[in-house]
Amino acid sequence: MEEILEHYKHPRNKGTITNPDIQFKDQNTLCGDEIQVYLKLDKKKMITDIKTEGKGCAISQAAASMLTDAVKGKTIEEARKLKNEFVFDLLQIQLSPVRVKCALLALFAVKKGIYKYLGEHYHDEE
Amino acid sequence: MKTLIPKEIKNDFPIFKRKIHGKSLVYLDSASSSQKPKQVIEALSNYYEKMHANIHRGIYTLSEEATLAYEDAHRKVARLINAKFKEIIFTKNTTESINLLAYSLGLELKKGDEILLTEMEHHANLVPWQQIAKRVGAVVKFIKVNKEGELIVDEQLFTKKTKIVAVTHISNVLGTINPIAEIIGKGHKVGAKVVIDAAQSIPHMPFDVKALDADFVAFSSHKMLGPTGIGVLYGKQELLEQMTPFLYGGDMIKEVTLEDSTFNDLPWKFEAGTPNIAGGIAFGTAVEYLTNIGMHNIEQHDKELLKYAHEQLSKVKGITIYGPKDLKKKSSIIAFNFEDIHPHDVSSILDTEGIAIRGGHHCAMPLMKILNLQSSCRLSLYLYNTTEDIDALVKALEKVRKVFK
């Protein structure tokens, strides 16, 4: 909990990237929270920079903050295969089913953005 | 402070025996769905244990009893809002009631006809009209909302082209009580049919369809102590008789040949298939329960508690309350934000204290946009709420503040 609040109050990688290689906007239909992700890639399709924009609750913001740090240096192939558990492990708290959606908002935005970039259709895990 | 309805009423509601995270349940989300008294829960099990059979079919004791009980529930609802038995159609919920109208009335609109809504509609009274309008080429117009969340009823919006006016009686976000009598009058003056979304009002106050001269009224059982899966559409008999059915099938017909069918009498013409018999009967019990307490008393209780909640919340540092400042224009709903803490986080931490409030866009995204809000917290009160519930909320908000400091 302490670490979540710390990330919430001092989020990493907030802002925008001009001329991003990948840009994607996603929404949590439950509450209307929005997130916009920007990714910069190198020639090997490795994520060299990532930023997020948008307002949200502590869980969604902390998850975005932790996730963006964690995916830097990964290739988009690696990133798009990330499982939900990857985010749960970063957060390290018990989440109610409703809050799971908050936690996964950033991950879904990143994955959906990568799929779109690759011209492939994104399928939900469920 | 003592409110009109004694707090012992909570004993009628078994859910209040439950502990949430070890704390007594403080339920402040009745605008979303109300809790159920044991009488209603027993009506459900009693039906299934002693009376279950399909209605309007069997010539045997069980079916006759079930039919009588289900029809009697229609009569109880009719009495509650001063309607006739034939004018009460049971649906699934308010949303289905409005869809029935959108399909039956809306599909007969011509290109260029106008549907007049307001900017504060719940998605249930917006999306059906919006989508049907697209199909038939009708134009959807909106009565605007001011910064306090009150309607600006502009006479010029009512034109010869206006065929349907569909308006919420009470905003599910802000609690604003809208001047529906005035809107019904203006609608009728131009020959439009007026639909009232009364999901937030009929549970909380006396409601007389004849005095209001409303053409159609939609509301839900589950917001007024009844089960989920039952809603009501009231319609003036002469209008319902002219209308085409929305759902076709069994029970809504008189005679069927392979080529054609004649439809059943009201209200069954609009109740196709085996309905939610248990839910309907238990809804009748809920209406009886409310009537025994008295809708005037419930309205008064809610008003006193709203005033108390406003006073107490206003004292909390960092609270912003939305909606009409004049409490006479407001029902028992308070939308607010606390500091700049996200409503999800406020709700989550209140939950750890056993307090249930709503946080989000409340199924009214256009209104939130107008108010320039991404989301808000919302508390809503009902007959089982007490001043102690409000006190518990105020105390727990201090805990929220501490966590986010």
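B:Asn372 is exposed in this predicted model, with 7 other C-beta atoms within 10 Å; a residue counts as exposed if 12 or fewer other C-beta atoms lie within 10 Å of its own, as buried if 20 or more do, and as partly exposed in between, with C-beta atoms placed from the backbone. B:Asn372 sits in the loop between helix H11 (365–370) and strand S18 (376–380) of chain B, where helices (H or I, at least four residues) and strands (E, at least two) are DSSP runs numbered from the N terminus. Although B:Asn372 is not a glycine, its phi is positive, at about 60°. Most residues other than glycine have a negative phi, and most peptide bonds are trans.

Residues are numbered from 1 along each chain as its sequence is written, while chains are lettered from A and ligands numbered from 1 in the order in which they are written. As the model is predicted, local features need pLDDT of at least 70 and side-chain atom pairs count only at pLDDT 80 or more, whereas totals for chains, interfaces and linings use all residues.

Chain A offers a similar case in A:Asn19, which is not a glycine but has a positive phi of about 50°. A:Asn19 belongs to the loop between H1 and strand S1 (22–27) of chain A, and counts as exposed because it has 7 C-beta neighbours inside 10 Å. The mean pLDDT of chain A (the predictor's confidence in each residue, from 0 to 100) is 92, and 98% of its residues reach 70 or more. Within chain A, confidence is highest in strand S3 (residues 47–53), at a mean of 97, and lowest in helix H1 (residues 2–9), at 90.

How do the axes of H1(A) and helix H2 (residues 58–71) of chain A cross? They come within 8 Å and cross at roughly 80°, the axes being lines fitted to C-alpha atoms, for helices over the stretch in contact, with angles from 0 to 180 degrees between N-to-C directions. H1(A) is therefore roughly perpendicular to H2(A), a label for angles of 65 to 115 degrees, with those under 35 roughly parallel, those over 145 roughly antiparallel and the rest oblique. A:Ile4, A:Leu5, A:His7 and A:Tyr8 of H1(A) make the contact with residues of H2(A) including A:Ala58, A:Ile59 and A:Met66; contact requires C-beta atoms, placed from the backbone, within 7 Å. The residues of this contact divide into seven nonpolar, three polar and no charged (Ala, Val, Leu, Ile, Met, Phe, Trp, Tyr, Cys and Pro count as nonpolar, Asp, Glu, Lys and Arg as charged, and the others, Gly among them, as polar).

Between the chains, ten residues of chain B are in contact with ten residues of chain A. Helix H10 (343–351) and strand S17 (358–360) of chain B are the elements that give two or more residues to the side of chain B that touches chain A. H10(B) supplies the largest share of that side, three residues. By class, the residues there comprise one nonpolar, eight polar and one charged.

Elsewhere in chain B, B:Glu259 occupies the loop between strand S12 (253–256) and strand S13 (261–263). B:Glu259 counts as exposed because it has 5 C-beta neighbours inside 10 Å. A separation of 54 Å lies between the C-alpha atoms of B:Glu259 and B:Leu379, 120 residues apart along the chain. In the loop between S13 and helix H8 (277–293) of chain B lies B:Pro267, and the peptide bond leading to B:Pro267 from B:Leu266 is cis, with omega near 0°.

Notes: Two residues are in contact if their C-beta atoms, placed from the backbone, lie within 7 Å.
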